[in-house]
Amino acid sequence: MRVGFVLAGIFTGSSIALCPSVASLFPDDGKDTLIIFPGGKLNSQSSLEQMKNSIYDLVNEDNVDGAIVWSSSLSGSVDSTAVLGRFGGILSKPLVTIDGKSESFPKIPNICFNAYEGSRFLVQHCITVHNAKRILYLRGPLNHGSSIKRYQAYLDTLKENNIPIDSNLISEPTEWTQGGEGLRNMLETRNLRPGRDFDMIVCASDLMMYKSEQVLRSYGYVVGENVFICGFNDSIDSRLLNVPATTVRLPYAGIGRTALSTLYSLAAGKRCYDKELATTPIIRRSCGCEAFEFSSEISSALDLAAHMVKDFG
C-alpha cells in the first residue's frame, strides 16, 4: 500500500518528532511505502509557502492508495474544512486526518490529542503553584483547531478561578513562527512589563515560547529568574531555552501509530471512529519550579494542580 503523509514541513516544531514516528512504522520489506508530501501551509501569505503548495498536486489517486493528512499543520490561513477540501481527488481512498475534524467531512476519522486539558493544566498550575493572577497569553493562529482549544482553556481556567480576563494581556492571533514579534508588540505598544503588569507568560506553542524568550533576553530579562514562561508541544524548540522549559508533551508515537492503524482498518473495509489521545504535563524550571516531570497522563487539571502543590509546598 502506498501511504501518503501530508504535512506542512518536516524540519520545525512538532513535525520533527511526529514525522520520524510515522516513518518508523514502515519496515524495509517492500510491503508498504510511505510517501511524504511536505507542501507548506495552505494559502499562506508567504510566497515560499505558496510555492511549496504545488507539492499537494501530487497527492492524487495515481500516486497514493490512502493518505494521512496532518490538517492542523496546513491550517492557519484556512480551516480544516478547506484543508480536506484541497484533497478532494483522493476522497474515494482511505483517508485519515490528524487534528483536523471537519463537520463537512464527518466520515473521515480524526486522530487528535487533548490540547484543551493540557493547556488547562498549565494555566491552573501557574495559578495554584505560583500564585499567578496576571497571566499574559500568546495566542496561536486563528484558523487552527488546536490553537483555539488552547486559548479557550486559558479563558475557562481564569474564569474558574475568579480571575478577571484582561484583554490587554492577550495577544492577537499569531502565526507559530511570529511569537517573538507578538510579544514585542505587546511590550512596546501596550507598554507591558514582567512583574509590574504580568507575572507569567503562557504560549500556545514551544516555538512561540522560544522566540519570546529571545525577545525577553533583549530587554534584559532572564527566564526562570525575573520572568516566567510556559509552552506547549514539548518539541525540540523547548530545548532551546536557557533553562529547562515547562510545557505539555504530545503523544507523538501514539498519534502516528493510531493514524496508520486507522488507515489500514479503513483499507480493510472496517468502520473507524475519531480518537483523542491524552497529553502529559512536563514541569521544569521556566515556570519557576525545580525540574520535575509528571509521569502520568492528564485526567483532571485541578487534581494535578493540587498534587503539584504537595510536591513543591
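Modeller: A residue is termed buried when its relative accessible area is under 20%, and exposed when that area is over 50%. The model discussed here is predicted.

Biologist: With that cut-off in mind, which residues of helix 9 are buried?

Modeller: Tyr252, Gly254, Ile255, Gly256, Thr258, Ala259, Leu260, Thr262 and Leu263 are buried in helix 9. Each of them therefore falls under the 20% limit.

Biologist: What covers the buried residues of helix 9?

Modeller: The cover includes helix 1 and several strands, namely strand 1 (2-7), strand 3 (66-69), strand 4 (95-98), strand 5 (110-113) and strand 10 (275-277).

Biologist: Why is Arg257 called partly exposed?

Modeller: Arg257 has its place in helix 9. Its relative accessibility is 49%. Buried requires a value under 20% and exposed a value over 50%, so Arg257, meeting neither condition, counts as partly exposed. Its C-alpha atom is separated by 25 Å from that of Asp79, a residue 178 places away along the chain.

Biologist: What makes the span of helix 9 agree with expectation?

Modeller: Helix 9 comprises 16 residues, which at 1.5 Å a residue should span 22 Å. The C-alpha atoms at its ends are 23 Å apart, and the two values therefore agree. Just after helix 9, Gly269 takes a positive phi of about 85°.

Biologist: Why are helix 1 and helix 9 called oblique to each other?

Modeller: The axes of helix 1 (residues 15-23) and helix 9 (residues 252-267) come within 8 Å and cross at roughly 45°. An angle under 35 degrees would count as roughly parallel, and one from 65 to 115 as roughly perpendicular. The crossing angle belongs to neither range, and helix 1 and helix 9 are therefore oblique. Their crossing is right-handed.

Biologist: Which residues of helix 1 and helix 9 meet, and what makes up their contact by class?

Modeller: From helix 1, Ala17, Leu18, Ser21 and Val22 meet Tyr252, Ala253, Ile255 and Gly256 of helix 9. By class, the contact of helix 1 with helix 9 has six nonpolar residues, two polar and no charged. Gly counts as polar in this scheme, and Gly256 is therefore placed in the polar class.

Biologist: Why is the pair of helix 7 and helix 8 also given the term oblique?

Modeller: The axes of helix 7 (residues 179-189) and helix 8 (residues 206-218) cross at roughly 45° and come within 7 Å. Helix 7 and helix 8 are therefore oblique to each other, and their crossing is right-handed. Gly179, Gly180, Leu183, Arg184 and Leu187 of helix 7 make the contact with Met208, Lys211, Ser212, Val215, Leu216 and Ser218 of helix 8. Five nonpolar, four polar and two charged residues form this contact of helix 7 with helix 8.

Biologist: What makes helix 5 mostly covered?

Modeller: Of the 16 residues of helix 5, 13 are buried. Helix 5 (residues 115-130) reaches 22 Å from its first C-alpha to its last, close to the 22 Å expected at 1.5 Å a residue.

Biologist: How do helix 5 and helix 6 cross, and at what angle?

Modeller: The axes of helix 5 and helix 6 (residues 145-160) come within 8 Å and cross at roughly 35°. The crossing is right-handed. Among the residues in contact are Tyr116, Arg120 and Gln124 of helix 5, and Lys149, Arg150 and Asp156 of helix 6. The contact of helix 5 with helix 6 divides into seven nonpolar, five polar and five charged residues.

Biologist: Why is Asn131 termed exposed?

Modeller: Asn131 has a relative accessible area of 53%. Exposed means over 50%, and Asn131 therefore qualifies. Asn131 lies in the loop between helix 5 and strand 6 (135-138). Its phi is near 55°, a positive value in a residue other than glycine.

Biologist: Is Asn162 buried or exposed, and on what value does that rest?

Modeller: The relative accessibility of Asn162 is 71%, and Asn162 therefore counts as exposed. Asn162 lies in the loop between helix 6 and helix 7, with a positive phi near 60°.

Biologist: Why does Asn233, a loop residue, count as buried?

Modeller: Asn233 lies between strand 8 (229-230) and strand 9 (247-249). At 9% relative accessibility, Asn233 is under the 20% limit and so counts as buried. Leaving aside residues up to four places away in sequence, Asn233 touches residues including Ser14, Arg150, Asp206, Arg249 and Tyr252.

Key. Residues are numbered from 1 along each chain as its sequence is written. This is a predicted model: local features need pLDDT of at least 70, side-chain atom pairs count only at pLDDT 80 or more; totals for chains, interfaces and linings use all residues. Side-chain values use heavy atoms; hydrogens and water are left out. Axes are lines fitted to C-alpha atoms, for helices over the stretch in contact, and angles run from 0 to 180 degrees between N-to-C directions. Helices (H or I, at least four residues) and strands (E, at least two) are DSSP runs, numbered from the N terminus. Angles under 35 degrees count as roughly parallel, over 145 as roughly antiparallel, 65 to 115 as roughly perpendicular and the rest as oblique. A crossing is left-handed if the near helix is turned anticlockwise from the far one by less than a right angle, and right-handed if clockwise. Contact means heavy atoms within 4.5 Å. Buried means under 20% relative accessible area, exposed over 50%, partly exposed in between (1.4 Å probe, protein chains only). The expected span of a helix is 1.5 Å times one less than its number of residues.
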